Amino acid sequence: MQIGIMSAHFWRDSLPEVLDAILGHDIRQLQFHLASAGIMDVPDELDSSMCETIKTEIARRDMRIAALNGEVNMVHPEAEQRNEAIRQLKALIRTAHPIGTGVIATCTGSRSAESMWRNHPDNQTAEAWAVLHQTLDEVLPVAEEHDVILAFEPEVNNVTNTAARAKRLIDEVGSRHLGVVMDAANIFNDGELPRMAEILDEAFELLGPHIAIAHGKDLDHDGAAGHLAAGTGKLDYERYVRLLCDLPFDVPVILHALSEEQVDDAVAMIRGHAEMAKPDEEE
């Protein structure tokens with residue numbers, strides 16, 4: 001198992017400074033935000049020299065972009081906002097390989113006009129599901145053309161709010177270019193924490209083969225998406241890490257929702273559980 005972090009957690013004056021700060025925590029995997037290279041708005045096409053600069057600076061440090069950050073609201077209730085989300089995703093897909101990755105980390109979004117992370121009563125309607133399909137119908141052909149995986153995150157406040165709905169979406173779309181970001185702190189609905197082991201096991205049984213990357217943060221209270229640093233909340237990290245280690249392929253775990261001061265403790269916690277999981281791998 002390799003541990004990574006969202007590059008946007010480290011704000012510095014230049015990309016080399018961002019990367020050096022992350023490397024100082026012995027982290028070499030990134031969920032990369034273009035803002036870390038000073039690109040605040042997603043252009044339709046990123047300049048080739050900038051792509052080469054990003055790729056070179058990361059490779060020079062023996063680091064890797066596990067995924068390019070592409071969080072947008074695929075089901076925004078306003079068509080203009082959805083079209084902008086589609087434009088951004090297409091642009092990011094075209095940018096992925098030139099900067100050194102084949103994965104875009106995104107989410108399915110919410111019908112809330114205020115925030116893609118806010119729950120809305122319309123999220124579980126047939127209309128929201130149809131809009132999600134329409135967005136993917138526009139974006140996935142570009143992902144297929146560029147051989148990029150669009151990995152979405154099952155999240156309690158989004159349209160795909162459970163592992164079962166995420167699996168349904170994957171089955172209905174039927175594209176190997178649609179994958180999953182597994183964040184165990186985001187799959188528990190109200191009152192479900194007592195069933196943590198069962199829900200974690202089911203999520204990996206349903207979605208394991210489709211996981212592109214994983215996220216590492218923690219649960220702060222019963223039934224809400226987590227917003228705490230990994231290891232400081234209620235998530236059963238021993239079980240979560242073991243399930244990740246039991247996958248037949250290596251999945252980078254991307255830390256987020258933490259301060260720079262919390263990074264080392266989170267890294268040590270996850271690596272400790274990964275070491276404990278090794279005997280299971282070797283049996």
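## Starting from Pro 98

Let's begin with a proline: Pro 98 sits in helix α3. This is a predicted model, and in it Pro 98 comes out as partly exposed, with a relative accessible area of 35%. That label applies because 35% falls between the 20% limit for buried and the 50% limit for exposed.

What does Pro 98 touch, leaving aside its neighbours within four places in sequence? Its contacts are Cys 51 and Lys 55. Pro 98 also lies 9.1 Å from Ile 54, C-alpha to C-alpha, although 44 residues separate the two in sequence.

## Ile 54 and the nonpolar cores

Ile 54 is a good place to step into the interior. Not counting residues up to four places away in sequence, Ile 54 touches Leu 15, Phe 32, Ala 37, Ile 39, Leu 46, Ile 65 and Ile 99. Ile 54 is also among the residues with the most contacts inside the largest nonpolar core, a list it shares with Phe 32, Ile 104, Phe 188, Tyr 240, Leu 255 and Ile 270.

That core has 89 residues, and its largest share, nine residues, comes from helix α4. There is also a second, separate core of ten residues, with Met 6, Ala 105, Ala 212 and Ile 254 among them. As background, nonpolar side chains tend to be buried together in soluble globular proteins.

## Helix α1 against helix α2

Ile 54 turns up again where helix α1 (residues 15-23) meets helix α2 (residues 48-60). The two axes come within 10 Å and cross at roughly 30°, which means that α1 is roughly parallel to α2. The crossing is right-handed.

From α1, the contact uses Leu 15, Pro 16 and Leu 19; from α2, it uses Ile 54, Glu 57 and Ile 58. By class, five of these residues are nonpolar, none is polar and one is charged.

## Helix α3 against helix α4

Back to the helix that holds Pro 98: how does α3 pack against α4? Helix α3 spans residues 79-99 and helix α4 residues 126-146; their axes are 9 Å apart, at an angle of about 20°. So α3 is roughly parallel to α4, and this crossing is right-handed.

On the α3 side, the contact is made by Arg 82, Ile 86, Leu 89, Lys 90, Ile 93, Arg 94 and His 97. On the α4 side, Val 131, Thr 135, Glu 138, Val 139, Val 142, Ala 143 and His 146 take part. The residues of this contact divide into seven nonpolar, three polar and four charged.

Notes: Residues numbered from 1 in each chain as written. Predicted model: local features only at pLDDT ≥ 70, side-chain atom pairs only at ≥ 80, totals over all residues. Heavy atoms only, no water. Axes fitted to C-alpha atoms, helices over the stretch in contact; angles between N-to-C directions. Helix = DSSP H or I, 4+ residues; strand = E, 2+ residues; numbered from the N terminus. Parallel < 35°, antiparallel > 145°, perpendicular 65-115°, else oblique. Left-handed = near helix turned anticlockwise from the far one by under 90°. Contact = heavy atoms within 4.5 Å. Nonpolar A, V, L, I, M, F, W, Y, C, P; charged D, E, K, R; others polar. Core = buried A, V, L, I, M, F, W, Y, C linked by side-chain atoms within 4.5 Å. Buried < 20%, exposed > 50% of the residue type's maximum accessible area, 1.4 Å probe, protein only.
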